[in-house]
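The following note is offered to a colleague who is meeting this structure for the first time. The points are numbered so that each may be taken up separately.

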There are 2 protein chains.
Amino acid sequence: MTSPVLCPVRFEDGALRLLDQTRLPAEERWLSCRSAEEVADAIRRLAVRGAPAIGVAAAYGLALAMSSAAGDETPLERFERAAALLAATRPTAVNLGWAIDRAREAAVAHAADEPAAVASALIEVADAIVAEQRESDLRVAELGAELLEPGDRVLTHCNTGALATGGAGTAGGVIAAAWEAGRLAQVWVDETRPLLQGSRLTAWELTRAGIPFRIVTDASVGALMARGLVDRVVVGADRIAGNGDVANKIGTYTVAVLAARHGVPFYVAAPVSTIDRDAPSGDAIVIEERDADEVTHIGERPIAPAGAPAANFAFDVTPAELVAAIVTEAGVLRPPYRDSIARALTG
Amino acid sequence: MTSPVLCPVRFEDGALRLLDQTRLPAEERWLSCRSAEEVADAIRRLAVRGAPAIGVAAAYGLALAMSSAAGDETPLERFERAAALLAATRPTAVNLGWAIDRAREAAVAHAADEPAAVASALIEVADAIVAEQRESDLRVAELGAELLEPGDRVLTHCNTGALATGGAGTAGGVIAAAWEAGRLAQVWVDETRPLLQGSRLTAWELTRAGIPFRIVTDASVGALMARGLVDRVVVGADRIAGNGDVANKIGTYTVAVLAARHGVPFYVAAPVSTIDRDAPSGDAIVIEERDADEVTHIGERPIAPAGAPAANFAFDVTPAELVAAIVTEAGVLRPPYRDSIARALTG
């Protein structure tokens, strides 16, 4: 039984259609965004999320900006206003800035054209990013699956499937490919507080795909490893520094430290576009802090005393020394990462 | 501003009154238990929780058993039936079995008496356990506070204050005493999934006490330590083995591993009654597994796809090598723990 292909980010009839990930798994509700402002809002409140998927959404958002009311702005001025708005939504995912930079090249090349022609060019860029992402995901999945062995019980954190990329997923793609290839017994799904991307989204995707899994609280990972119940860890990445330090969803670092203690290989699956050429190490990566309400409430429901303060770092940095391999579409990168990453970027 | 003394476990007018901890912080509702069955139910669903507090509740529950309808049972038969019921509620907390054993001595001594006389004797035992717990908590708090230094930012996991012991608390008592002594800047409160004893209960206690704190998700601890924001960890214990291995709320082991990596001292605060003479190491400690619904739901609200499987280990074991000190009323125990624990037990 194969599950239907999931395309959570679609450009149809002049609108960006997004499967609202804040509503899953309770309901499958689609949003229609017709302006850059609506796309920015969807990214900010995580209706669309996952570093690759928000890059794609931003690229379509820029195209939408071209068709909105002009005033006396030039197309390029309008582009830059939308680009600034979209770039500011989430600071940690590198794909956002990368997608905007690619769109800017097209906007500059068409600067003298009518807004509609610029919009068409930007849609072409966004479509190309989607197509490349899908191809890249498939290659990452194929290479990553080869690292697994029959019977493996694989732990993953956050959500890195189709919902996160618009393609096969990164770590989620590796897991699905390993399952198809008979190299996977079961997935351990970290719930991934505060927004529960594991129990809400990864569990939903695995259920659709018929892959066996069990959800655990994030605090259970140490106990699972101490009992010998985890054979490998595969996670995605929001930004990878030139030395192999990996910024990813908060809690990833904790999993990596536990994996190191228990001799469990810790793999990162991500496209080359996730590598930040301007970040020599994790110290250079800006970590997004989000609203404390995400910690003190589940949806609208308070789970702490009224007004209780909370800290909500959205990401953490896993130092390269804890990463056994980074699986990219350009190959499986191994330490020392400064060398293997440089080769992947130029190759 | 001193907060009113909190006695969440009280025996009044022939009933055990329990502050229902499943309702906090939303409401302060009191339960009245008039039978061992009602007490067992309250322990099982965590209306009363914390290893010391459930020991106290069980002791009063045995007294209540003596006043319930007799049939043709002898008082001792009735005692053993209630003891079996109460002992089966939670397997990991050692204080439960320990309190039952103490009550059994009194029941045996009064085996020939009327049920009412046995009940009185059992209430005396329970009252004595409460009084000893309060005294022990104060000593633990005093000794533990001396380990902290002015300006310390202390991380704690789960709830270990008055709600957990009926006295000043264990780790919670250390934190309160350190605050009074000017040896504490701020508390980091792990939310402690799945049942959120940190964000619901510890945050509630710290708010009442006027002690500054911030809540974080359990998965944030690594990031906090990597940023140098945690100076010490203080946690309680549900059972301590003879070699110093510590069973405590799930997630404690993860915190201990991270603390070791970052050179943050990891302290355990617990009464001597938490030490299990029959467990030579953590391997001998039975770990309670609870209902998967606690992971896949918040209260009645599902947070995962319907029917999604989950694993819910309630405790984990932190190996002695990760524990810098165990603070007991008999003194601050240091490695090698087999020696220091043996001295505390005989001292």
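1. A salt bridge is taken here as a side-chain nitrogen of Lys or Arg within 4 Å of a carboxyl oxygen of Asp or Glu. By that criterion B:E294 and B:R290 are joined through their side chains, with 2.9 Å from N to O. The glutamate B:E294 has a relative accessible area of 15% and is buried; the arginine B:R290, at 17% relative accessibility, counts as buried. The reader should bear in mind that this is a predicted model.

2. Elsewhere in the model, salt bridges that share partners form one network, which joins A:D20, A:R23, A:E27, A:R29, A:D41, A:R44 and A:R45. Over all chains the structure holds 44 salt bridges. In chain B, the closest N and O atoms of the bridge between B:R81 and B:E73 are 2.5 Å apart. The arginine of that pair, B:R81, counts as partly exposed because its relative accessibility is 45%.

3. Which parts of chain A does the bridge between A:R153 and A:D231 tie together? The two side chains meet at 2.8 Å, N to O. A:R153 belongs to strand β4 (residues 153-156) of chain A, whereas A:D231 sits in the loop between α9 (221-226) and β7 (232-235) of chain A, so the salt bridge links parts that are 78 residues apart in sequence. Both ends are partly exposed: A:R153 has a relative accessibility of 24%, and A:D231 has 24%.

4. The strand that follows this loop, β7(A), deserves a point of its own. Its residues A:R232 and A:V234 point one way and A:V233 and A:V235 the other way, and all are buried. β7(A) pairs with β4(A) in the parallel sense over two bridges, and A:V154 stands opposite A:R232 there. β7(A) is also joined by three bridges to strand β10 (residues 266-269) of chain A, again running parallel; in that pairing A:V235 faces A:V268 of β10(A).

5. Chain A also contains an open sheet of three strands, in the order β1-β2-β3, with antiparallel pairing. Its edge strands are β1 (9-12) and β3 (30-33) of chain A, each of which pairs on one side only. On average, and with direction ignored, neighbouring strands of this sheet are turned by 25° against each other. Strand β2 (residues 15-19) of chain A is joined to β3(A) by four bridges, the two running antiparallel, and the bridge partner of A:L16 in β3(A) is A:C33. Helix α1 (residues 36-44) of chain A packs on this sheet and touches β2 and β3 of chain A, its direction making about 140° with that of β3(A).

6. In chain B, an open sheet of three strands has the order β8-β9-β13, and its pairing is antiparallel. Because β8 (239-240) and β13 (315-318) of chain B stand at the edges with a single partner strand each, one side of each is left without a neighbour in the sheet. Four bridges pair strand β9 (residues 246-249) of chain B with β13(B) in the antiparallel sense, and B:N248 stands opposite B:D316 of β13(B). Helix α10 (residues 252-261) of chain B packs on this sheet, touching β9 and β13 of chain B, with its direction at about 30° to that of β13(B).

7. How do two helices of chain B pack? Two packed helices are described by the angle between their axes and the distance between the axes. The axes of helix α3 (residues 75-87) of chain B and helix α4 (residues 94-109) of chain B come within 11 Å and cross at roughly 175°, which means that α3(B) is roughly antiparallel to α4(B). The contact is made by residues including B:L76, B:F79 and B:E80 of α3(B) and B:L96, B:I100 and B:A103 of α4(B).

8. As to the relation between the copies, chain B is superposed on chain A by a rotation of 180° with 0.0 Å of shift along its axis (RMSD 0.0 Å). That is the relation of a two-fold axis. The same surface serves both copies, since 100% of the contact residues of chain B recur in chain A.

9. A last point concerns A:E135, which lies in helix α5 (residues 115-145) of chain A and counts as exposed at 60% relative accessibility. Its C-alpha atom is separated by 39 Å from that of A:E300, 165 residues apart along the chain.

Notes
Residues numbered from 1 in each chain as written. Chains lettered and ligands numbered in written order. Predicted model: local features only at pLDDT ≥ 70, side-chain atom pairs only at ≥ 80, totals over all residues. Heavy atoms only, no water. Buried < 20%, exposed > 50% of the residue type's maximum accessible area, 1.4 Å probe, protein only. Pairing = 2+ DSSP bridges. Least-squares fit on C-alpha atoms with pLDDT ≥ 70 in both. Contact = heavy atoms within 4.5 Å. Axes fitted to C-alpha atoms, helices over the stretch in contact; angles between N-to-C directions. Parallel < 35°, antiparallel > 145°, perpendicular 65-115°, else oblique.
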